[in-house]
Amino acid sequence: MDVEPGTVHAPELGPEWINSPPLTIKGLRGRAVLVDFWDYTCVNCLRTLPYVVEWHRRYADKGLTVIGVHTPEFSFARSRELIEEALVRFGIEYPVVMDNDYAIWQAFANRCWPAKYLVDSAGYLRFAHFGEGEYQETERAVQTVLREMNSSVVLPEPLEPIRDTDHPGAACYRTTPELYLGSRRGSVGNEGGLLNQGEPAAAEYKLTSDLAADKPYLAGPWIGTEEYVRSAGTESQPSALLVYYLGKEVNLVMASIESEQPVVLLQNGAPLAREDAGEDVRFDENGRSFVLVSEPRMYRLVRNSQFNQRLLQLVTRQPGLLAYAFTFVT
């Protein structure tokens, strides 16, 4: 989305920086600035990061400053240590500012992750894009502002699409939408929804004979909260989380209160095939699929080759597994 030149001043940035001295829009006058709102657990943000990282590499010495604004989607993502680890994991070298109180988010009147705002050398907004896609349009907008600063600058052709689905006109299928498990933004499909909310005692969840698509279901003992569901399983009474999903890839934001704990994965009632396993999935000597959950982050569970509807089941026999939100990708 183009913005009329010279009409909207870019808001200022915050004081808490991860890997850079404090920067300001005013102090960056004379340079173009690309502001990227992101969260390290957001799959849509992570899918845009290869482009943002490359734009920093391509254009930092030509007058562009990329700034990541980390606005947390979940409470644990306010941790400076976890964000620092994410910067290393994703190869982010451009400056990142923490926006734990949503001050920068509100100043930009932002509404989603990811979101990108391009600021010209005079401090005015020139372009904005929300969500994934339009990578070449965004890069061309960056190049337009850089050429306004230096008409003789030599710039490369915009990046070729990294994924097939990034090509203009690529077929897009309706996937299961993002499913939050806490009561503040979501729920579960069980009769009565989340039980015993606000109480420390676990509730026993039972499944009906028919599970609806695009809804998460609980089985066994769980504790429901506003932000996540917490397992209370034992060896004799496991906790299970199920979802009929439509898509190719499945991710789940999880954490473990205790030390690293294994969570068994089943697809359509059987262990995942190795070719369908996400990068966080492991296999034991008997071919059973599982994921080891420790630090709070997004875990990549399924990567099917074909777009279809399937049943995914996660089972834990330990208490303290926190499950926050599913995301699905074509």
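Student: What percentage of the 330 residues of the protein count as buried?
Tutor: First, a caveat: this is a predicted model, where local features need pLDDT of at least 70, side-chain atom pairs count only at pLDDT 80 or more, and totals for chains, interfaces and linings use all residues. Residues are numbered from 1 along each chain as its sequence is written, and side-chain values use heavy atoms, leaving out hydrogens and water. Buried means under 20% relative accessible area, exposed over 50%, and partly exposed in between (1.4 Å probe, protein chains only). On that scale, the share of buried residues is 55%.

Student: Why is the protein said to be as compact as a globular protein of that length?
Tutor: The globule rule is 2.2 Å times the number of residues to the power 0.38, and the radius of gyration is taken over C-alpha atoms. For 330 residues the rule gives 20 Å, so the protein is as compact as a globular protein of that length, its own radius of gyration being close to that at 22 Å.

Student: How many disulfides does the structure hold?
Tutor: A disulfide is taken as a pair of cysteine sulfur atoms within 2.5 Å. For C42, the nearest cysteine sulfur is that of C45, 3.1 Å away, too far for a bond. Both cysteines count as buried, C42 at 6% relative accessibility and C45 at 1%. The count of disulfides is 0.

Student: Which peptide bond is cis, with omega near -15°?
Tutor: Most peptide bonds are trans. Look in the loop between α3 (103–107) and β4 (115–119), where P114 is found; helices (H or I, at least four residues) and strands (E, at least two) are DSSP runs, numbered from the N terminus. The cis bond runs from W113 to P114.

Student: Y102 is not a glycine, so what is its phi, given that most such residues have a negative one?
Tutor: Y102 sits in the loop between β3 (96–98) and α3. Its relative accessible area is 19%, so Y102 is buried. Its phi is positive, at about 65°.

Student: And is E134 buried or partly exposed?
Tutor: E134 also has a positive phi, about 55°, although it is not a glycine. Its place is in the loop between β5 (125–130) and α4 (135–149). With a relative accessibility of 40%, E134 counts as partly exposed.

Student: How far apart in space are A270 and R288?
Tutor: A270 lies in strand β12 (residues 270–271) and counts as partly exposed at 33% relative accessibility. In sequence, A270 and R288 are 18 residues apart. In space, C-alpha to C-alpha, the distance is 8.6 Å.
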